[in-house]
Amino acid sequence: MNLTKTNTTITYDDTAVRQFMIASIIWGIVGMLVGVIIATQLSWWQMNGKFLETITFGLFQGEGLSYLTFGRLRPLHTNAVIFAFVGNMMFAGVYYSTQRLCKARMASDKLSRLHFWGWQTIIVAAAITLPAGLTRGKEYAELIWPINIAVALIWVVFAINFFLTIAKRNEPSLYVALWFYIATIITIAMLYIVNHLSIPTSWIHSYPIFGGLQDGLVQWWYGHNAVAFFLTTPILGIMYYFLPKAANRPVYSYRLSIIHFWSLVFIYIWAGPHHLLNTDLPRWLQMLGMLFSLMLWAPSWGGMLNGLLTLRGAWAKLRTDPVIKFFVAGITFYGMSTFEGPLLSIRAVNAISHYTDWTIGHVHSGALGWNGFMAAGLFYWLAPRLWKTKLWSTALANMHFWIGLVGILIYVAAMWTAGISQALMLNELAPSGTTLKYEFIDTLKSIHVEYFLRSFGGLLYLIGFILCGVNVLMTARSGVATNDSVEVAVVPREKKDTMRWGESLVNDPLAYIFLGIILVCLWFFLPAHANLGALAAAVLLAIKAVRSFQTKKEHWVNWHERLVDNYLPFTLLVFVSVAIGGALQIIPSLVVNRDKNIEGRLQELYTPLELAGRDIYVSEGCYNCHSQAIRTLKPDVMRYGRNGIADDYSHLGESLYDHPYQWGSKRTGPDLAREGGAIVKDTKLMRSGRRDNVWHFNHFLNPRETSKGSNMPNYPWLFESKTDFKALPKKIAVQQKIGVPWPAMSKDEIEQSAREQAMEIADSLVKGGVYLAAKPDLSGDALRNYLSEQQVVALIAYMQKLGAYREVKPEGGKQPSPLDPDSYRAAAMPIDTPAAQIKAH
């Protein structure tokens, strides 16, 4: 067959690259500015209120201040940095490098424009809805369902454009960078869709289909791997393309890049459970997450060394070239973060680090050091080439580097110090040895200096990126936007993508890998002794695989070389690699963790008013500062458990009906798992008796009045905003669909129940002598009627229900109706009140 090559001239679409780069810089500055603001809010609670009203010249005042609290702004900060800053930077790098690696223009200019403007529209929608309190209440997955659908659709647009470009490529083989881009596109689509499965109750609200433990596993399967496949793999692809270009050196080791890619893609997806260590999560899942997290050390450091060693013979450029400076520092921070991550997944270390600022320091060393510095290096390399001129100021770029580096080091060191110090104080016993030495508020006061240093370090980093923005702007103004044109040899279809599906899937390497996975899974699941047999078989299989590779090395190598010449089989294997881990973690919990299988503690159903209060709790972002999970650690049980109840940690059944789950990941305030609630055991009802309704009322009005030294903001709008009683029937109907055993109730019964309970709480507040300065004329019945309509009462109802459960056996029994007074009047009962006396009371 005559396959004569022909040449053609291609003009790359660099317009999309310029657009995404400029958007990344703008959104990056916005996201970092919000980060500095919320950092100061943790040092000075006034930054949540009047001070912000002053510096915004009255733009936000009264109820408008609710848009600027830490709980509302923190999700805005994380989403802006992840999806707006890093997302746009990633798209810029992918669009630029993909075209050159494929020697083809992007498949569709229209799809590129739709991708850009669609993504920016999503970011603007997030910037409006998140401060307004419209959230799903799940970290890094807060966006409401209409925006989530838009994210999925625009991601599909990106994927179609990318894969069509690969299909028409004029380069037979896929370069390493493209492997990482493929893994990113496939895995993020899978993660995002599964974690965002929800049933809407309105245009602005929905409930996730998963609850309790299931929701926690799915959330951190998504949350951990969003870090892996949105903040890591695409940036590694950018590293593999742009670092050799900047250093004018080939990648150090192609073989090492193969090991780096496949081991990272396969292992990363299993590590999510390490976010739930030392809880009542099944031990096999905790050990699984810890084991695979520790295994991540090898591929992560392999990638780091492959990057740094690419500079062999070019280290002299480190002194003069700011691009190399940023790349080297970014890769070094990648190595540091990927060393620290597995370290924090060790159960003993995690007992100290989790829920503290140590984790915050770890996350920011990756986000600012790895993502931020790689972005800066990319921008400084791209700008002169996109506008055909020199970088406006190398000196300003160097200044950016040193200001940003000092800012990161101050930030991370402050968070390490704060996290470790706070954890040690929280665990320290009093001299008697039977009580804890420090109150939670004492630990916050002790790390005030570290919180100030965090704000200062973040401010320095922000200033550095502002300098970057100025430098890129002036570079653009000094040049002319130009799209590169090159002459390439057209590769006929017969020269690429010729691998048969059977050839790609039926072979020795995959057979050994999948048999090994099966044996390792059997090691976890089989009973004693039988599991050791599975482990021994896995070891023997590994030995046999090594010998097979030694004797059939050329066959194995040729198979992989053929694989990277065929993008569809390659993509399928990537999908299978990441899907296996998720399925084996999540599916068992979906089957087993049901109310009929619960033995011991089963969560009491919320009443309609308590459900309304829970939605307010989520809307205000309270999960950003408070956990609802007492770990199995002794200090946790001593601090947050009920007195006189042994092993009063949070059991899995206690959050079974929580959609979304609210275990949290950071304690800026104390855990709330036992804040209120009742325990029903046999015929006796018991409660914690921790705080009354008046205390909660005053706490929301001014936390300093009840907790001296608190950095929690005031919530005056809760006393002026009405509870949406009319929305409750639809919400309860949706919860019934996702498995919450609400009894059959009419709309009128639901609203009547909520209003009656609200009136009872309002009555207790009026009798307790509460006072509203904003409503000085209200008293008696008028004040009672007014309060019963306000959100604060619904939120108090929810707080008083936290920790309510009943003791059950696996076969269970009929669950109590949330309309039954036993379900919500427990907060007014003294300890050990017989259940028969409740109605008489």
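This report walks through the helix packing, a strand pair, the internal spaces and two backbone details of a predicted model.

## Two helix pairs

Two packed helices are described by the angle between their axes and the distance between the axes. Let's start with helix α6 (residues 176–195) and helix α9 (residues 254–268), which pack at an angle of about 5° with their axes 11 Å apart. Angles under 35 degrees count as roughly parallel, and α6 and α9 are therefore roughly parallel to each other. On the α6 side, the contact is made by V176, W179, F180 and A183. Facing them, α9 brings Y254, S257, I258, H260, F261, L264 and V265. Sorted by class, this contact of α6 with α9 has 9 nonpolar and 2 polar residues, and no charged ones.

The other pair meets at quite another angle: helix α28 (residues 747–767) and helix α30 (residues 791–801) pack at about 95°, and their axes are 10 Å apart. Because angles of 65 to 115 degrees count as roughly perpendicular, α28 is roughly perpendicular to α30. If you would like to find the contact on screen, look for Q757, A758, I761 and L765 in α28, which meet V793, I796 and A797 in α30. By class, the contact of α28 with α30 has 6 nonpolar residues, 1 polar residue and no charged residues.

## A strand hairpin

Strand β2 (residues 198–202) and strand β3 (residues 205–208) run antiparallel and are joined by 4 bridges. A hairpin of 2 residues links β2 to β3. To place yourself in this pair, start at P200, whose bridge partner in β3 is S206.

## The largest pocket

Rolling a probe the size of a water molecule over the atoms shows where empty space is left. In this model, the largest pocket has a volume of about 1,500 Å³. Its lining holds 44 residues, and the closest to the pocket's centre are W262, S263, P509, I513 and W556.

Which elements give two or more residues to this lining? They are α9, α10 (283–295), α19 (508–525), α20 (530–551), α21 (553–563) and α22 (567–592). Helix α19 gives the most, with 12 residues. Helix α9 thus has a place in two parts of this report, since α9 packs with α6 and also contributes to the lining of the largest pocket. By class, the pocket lining divides into 37 nonpolar, 4 polar and 3 charged residues.

## Enclosed cavities

The structure also holds 7 cavities of 30 Å³ or more. The second largest cavity has a volume of about 240 Å³. It is lined by 23 residues, and Q628, E654, S655, D658 and A673 lie nearest its centre.

How do the residues of this lining divide by class, and how many are charged? The lining of the second largest cavity has 8 nonpolar, 8 polar and 7 charged residues.

## Two backbone details

Most residues other than glycine have a negative phi, and most peptide bonds are trans. Two spots in the model are worth a look with that in mind. The peptide bond from H659 to P660 is cis, with omega near 0°. You will find P660 in the loop between α24 (634–640) and β6 (678–681).

The other spot is K103, which has a positive phi of about 50° although it is not a glycine. K103 sits in the loop between α3 (70–102) and α4 (109–129).

Terms used. Residues are numbered from 1 along each chain as its sequence is written. This is a predicted model: local features need pLDDT of at least 70, side-chain atom pairs count only at pLDDT 80 or more; totals for chains, interfaces and linings use all residues. Side-chain values use heavy atoms; hydrogens and water are left out. On a 1 Å grid over the protein atoms alone, a cavity is a set of points where a 1.4 Å probe fits but cannot get out, and a pocket is an open set with protein on both sides within 12 Å along at least five of seven lines; lining residues have an atom within 4 Å of a point. Grid points are joined across faces, edges and corners, and a volume is the space filled by probe spheres set on the points. Ala, Val, Leu, Ile, Met, Phe, Trp, Tyr, Cys and Pro count as nonpolar, Asp, Glu, Lys and Arg as charged, and the others, Gly among them, as polar. Axes are lines fitted to C-alpha atoms, for helices over the stretch in contact, and angles run from 0 to 180 degrees between N-to-C directions. Angles under 35 degrees count as roughly parallel, over 145 as roughly antiparallel, 65 to 115 as roughly perpendicular and the rest as oblique. Contact means heavy atoms within 4.5 Å. Two strands pair if DSSP finds at least two bridges between them.
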